[in-house]
Amino acid sequence: MTYRLARLPAGEAARHRDELIALCAQAFCGAPWHEPPRGAVRTVDRLLDSAARKDGFDAVVALDDDGALIGFAAGWTDTVLTGAEPAFELAELVVAPGLQGRGVGRALHDGLLAAGAPGRALLMTLDVPELTGRYERWGWTVVDRRRPAEEEREYVVMSRGR
């Protein structure tokens, strides 16, 4: 399988809303997320409505040979996870389920972080070995555990110095 990575400027992201929603719905309906389809709409709308206007917003997409969206990663500079100092937050990393485990996610991850703001990078993900183990192999370290008020599941905050 071949694919190419491309930057997705904030101003162009809204044109891909339906594709992003479809991809998120596919990726998040299974384990470990088990999200209903409306979760994909919330994720993408949050990304487009507020995150794309944040300082340091950046997004990378993976496109197959026909130009179809098969994955994306997005992040921005924020203080939400640190509480004070700005850090680049890897906020979304999504790959079509049938293409997971083939290096697309790692390529998106590396492409996004390579262009991100200098300094520390953070992410928050479910506290499950499948996810934390992958990020640890990619150089991340667990620095905190949290249970957001509206969530029943526990999450980890992970850090990667750059």
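The exercises below, each with a worked solution, deal with a predicted model of a protein chain.

**Exercise 1. Confidence**

Find which element of the chain has the lowest confidence and which has the highest.

Solution. Start with the whole chain: the average pLDDT is 86, and 94% of the residues score at least 70. Then go through the elements. Confidence is lowest in α3, with a mean of 81, and highest in β1, at 95.

**Exercise 2. The order of the strands**

Work out the order of the strands in the open sheet, and state which strands stand at its edges.

Solution. Step one is the order. The sheet has seven strands, arranged β1-β2-β3-β4-β5-β7-β6, and its pairing is mixed. Step two is the edges. β1 (3-7) and β6 each have a single partner strand, so one side of each lacks a neighbour in the sheet. Step three is the angle between neighbours: on average, neighbouring strands of this sheet are turned by 25 degrees against each other, direction ignored.

**Exercise 3. Parallel or antiparallel**

For the pairs β4 with β5, β5 with β7, and β6 with β7, decide whether the strands run parallel or antiparallel.

Solution. Recall that strands of a sheet pair through backbone hydrogen bonds, in either a parallel or an antiparallel way. Now take the pairs in turn.

- Strand β4 (residues 87-95) is joined to β5 by two bridges, and these strands run parallel. Glutamate 89 has leucine 122 in β5 as its bridge partner.
- Strand β5 (residues 121-126) is joined to β7 by six bridges and runs antiparallel to it. Here leucine 126 stands opposite tyrosine 155 of β7.
- Strand β6 (residues 141-146) is joined to β7 by five bridges, again antiparallel. Aspartate 144 has valine 157 in β7 as its bridge partner.

**Exercise 4. Strand β7**

Explain why strand β7 is described as largely enclosed by the rest of the structure.

Solution. Count the buried residues of the strand, which covers residues 155-160. Five of the six are buried, so β7 is largely enclosed by the rest of the structure.

**Exercise 5. Helices and the sheet**

Determine which strands are touched by helix α2 and which ones helix α4 lies across.

Solution. Helix α2 (residues 17-29) packs on the sheet and touches β3 (69-78) and β4. The direction of α2 makes about 95 degrees with that of β3. Helix α4 (residues 104-115) lies across β1, β2 (58-64), β3, β4, β5 and β7, and runs at about 155 degrees to β4.

**Exercise 6. Helix α5**

List the buried residues of helix α5 and name elements that cover them.

Solution. In α5 (residues 129-137), the buried residues are Leu131, Thr132, Gly133 and Tyr135. Their cover includes β4, α4, β5 and β7. After α5 comes glycine 139, which has a positive phi near 100 degrees.

**Exercise 7. Aromatic pairs**

Classify the pair of phenylalanine 57 and tryptophan 76, and that of tyrosine 135 and tryptophan 138, as stacked or edge-to-face.

Solution. The whole structure holds three aromatic pairs. Phenylalanine 57 and tryptophan 76 have ring centres 6.4 Å apart and planes at 10 degrees; planes under 30 degrees apart count as stacked, so this pair is stacked. Phenylalanine 57 lies in the loop between α3 (37-49) and β2, while tryptophan 76 is in strand β3, 19 residues apart. Both phenylalanine 57 and tryptophan 76 are buried.

For tyrosine 135 and tryptophan 138, the centres are 5.6 Å apart and the planes make 90 degrees, an edge-to-face pair. Tyrosine 135 and tryptophan 138 are both buried. Together with Trp140, Tyr135 and Trp138 form one aromatic cluster.

Terms used
Residues are numbered from 1 along each chain as its sequence is written. This is a predicted model: local features need pLDDT of at least 70, side-chain atom pairs count only at pLDDT 80 or more; totals for chains, interfaces and linings use all residues. Side-chain values use heavy atoms; hydrogens and water are left out. Buried means under 20% relative accessible area, exposed over 50%, partly exposed in between (1.4 Å probe, protein chains only). Helices (H or I, at least four residues) and strands (E, at least two) are DSSP runs, numbered from the N terminus. Two strands pair if DSSP finds at least two bridges between them. Axes are lines fitted to C-alpha atoms, for helices over the stretch in contact, and angles run from 0 to 180 degrees between N-to-C directions. Contact means heavy atoms within 4.5 Å. Rings of Phe, Tyr and Trp (its six-membered ring) pair if their centres lie within 6.5 Å; planes under 30 degrees apart count as stacked, over 60 as edge-to-face and the rest as tilted. pLDDT is the predictor's confidence in each residue, from 0 to 100.
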